[in-house]
Amino acid sequence: MSDRVPCINPRCRRTFKADDGGSEIICGKCFRMLPEAVRKEHRGYWREIRKWGRRIARTSDELKIVRIRAIRERASYYLGTHWECFHKRAAARTRQASRTGNVPRGGRVVTRDLFGPVPRTPPTIRMRAIDHGLAPGMMPGWKTDQGAHFRCWRCSHDDGWSFDLTSTEIRRGLPCPKCNEPR
């Protein structure tokens with residue numbers, strides 16, 4: 001048996017050391033992907049639990065401690081039911097989607113409902129080197145005299161010759177200024 005607990009988001013690969021707590025955990029990055037209202041409510045319950053924990057630590061009267069523990073346990077119960085309720089609503093949407101036939105491949109609607117779409121940056125379109133060679137001479141500040149003539153394969157933008165490039169930069173290509181313009 002593993003001593004690591006995975007994040008509840010199936011797309012997240014983070015794990016945490018298993019302690020004597022529960023078997024579910026959510027990492028900070030996945031928690032920030034949840035809707036704002038759910039995060040606020042979740043933080044509110046934790047704020048209550050910590051507040052009553054501090055009061056227990058400050059109080060010396062045993063009767064008060066028993067009553068405060070009951071209040072803190074109620075806040076913990078609300079925290080658990082809040083999360084289960086949110087999770088069940090997402091599962092109900094999955095069942096509804098499966099009945100109507102709107103389930104994507106893999107049937108992971110629950111994950112998409114809980115955490116939203118995967119944030120992705122658009123790919124960088126790079127110009128390819130159509131010719132490479134050496135500069136006629138070194139300019140001040142250059143580290144290398146290698147260069148290449150770049151042209152974009154997508155929009156046919158011709159960047160001309162660029163020098164002071166490493167062989168890796170030439171093979172990788174340069175980002176196309178036209179195709180990568182912010183929209």
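## A polar pair to start with

The side chains of His-149 and Asp-158 meet in a polar contact of 2.7 Å. That's a handy place to enter this model, which is a predicted one. His-149 sits in strand 4, and with a relative accessibility of 16% it counts as buried, because the cut-off for that label is under 20%.

Who else does His-149 touch? Setting aside neighbours within four places in sequence, its contacts are Arg-128, Ala-129, Ile-130, Asp-131, Asp-158, Gly-160 and Trp-161. Trp-161 has another role here, as the bridge partner of His-149 in strand 5. Asp-158 has a bridge partner too, and that is Arg-151.

## The overall layout

Let's step back to the whole protein. It has five helices and six strands, and from the N terminus the elements read β-β-α-α-α-α-β-β-β-α-β. Of the 183 residues, 26% are buried. Looking at contacts between residues at least 6 apart in sequence, 40% link residues at least 24 apart.

## How far to trust it

The average pLDDT is 81, and 78% of the residues reach at least 70. Which elements mark the two ends of the confidence range? Helix 4 (residues 109–115) has the lowest mean pLDDT, at 53, while strand 6 (residues 174–175) has the highest, at 93.

Residues 107–111 have a pLDDT below 50, and in the model this stretch makes 13 contacts beyond near neighbours in sequence. Go easy on those: where pLDDT is low, the predicted coordinates should not be read in detail.

## The sheet

Four strands make up an open sheet, in the order 5-4-3-6, with antiparallel pairing. Strand 5 and strand 6 are at the edges with a single partner strand each, so one side of each has no neighbour in the sheet.

Now for the pairings themselves. Strand 3 (residues 126–134) and strand 4 run antiparallel and are joined by six bridges. Strand 4 (residues 146–151) is also antiparallel to strand 5 (residues 158–163), and there the count is five bridges.

## Phe-150 and the core

Right beside His-149 in the numbering comes Phe-150, which has a partner in each of two strands: Ala-129 pairs with it from strand 3, and Gly-160 stands opposite it in strand 5. In a regular strand, side chains alternate between the two faces of the sheet.

Which residues form the largest nonpolar core? There are 10 of them: Ile-125, Met-127, Ala-148, Phe-150, Cys-152, Leu-165, Ile-170, Leu-174, Cys-176 and Cys-179. Phe-150 is in contact with several fellow members, including Met-127, Leu-165, Ile-170 and Leu-174. Its contacts also take in polar company, among them Arg-128, His-157, Asp-158, Asp-159 and Ser-162.

## Two residues with positive phi

The hairpin of strand 4 and strand 5 has six residues between the strands. One residue to look for in that loop is Ser-156. Its phi is near 65°, a positive value in a residue that isn't glycine. Is Ser-156 buried or exposed? With a relative accessible area of 52%, it is exposed, because the cut-off for that label is over 50%.

Asp-164 is another non-glycine residue with a positive phi, of about 65°. You'll find Asp-164 in the loop between strand 5 and helix 5 (167–172). Its relative accessible area is 26%, so it counts as partly exposed.

## Helix 2

Finally, a look at helix 2, which covers residues 36–58. How does its length compare with what you'd expect? At 1.5 Å a residue, its 23 residues should span 33 Å, and the C-alpha atoms at its ends are 33 Å apart, so the two agree.

Some of helix 2 is tucked away: Val-38, Arg-39, His-42, Ile-49, Trp-52 and Ile-56 are buried. As a reading aid, an α-helix has 3.6 residues a turn, so residues three or four places apart point the same way. Try following the buried residues Ile-49, Trp-52 and Ile-56 along helix 2 with that in mind.

Technical notes
Residues numbered from 1 in each chain as written. Predicted model: local features only at pLDDT ≥ 70, side-chain atom pairs only at ≥ 80, totals over all residues. Heavy atoms only, no water. pLDDT = per-residue confidence, 0-100. Contact = heavy atoms within 4.5 Å. Pairing = 2+ DSSP bridges. Core = buried A, V, L, I, M, F, W, Y, C linked by side-chain atoms within 4.5 Å. Buried < 20%, exposed > 50% of the residue type's maximum accessible area, 1.4 Å probe, protein only. Polar contact = N/O pair within 3.5 Å; in protein donor to acceptor, adjacent residues only side chain to side chain. Expected span 1.5 Å × (residues − 1).
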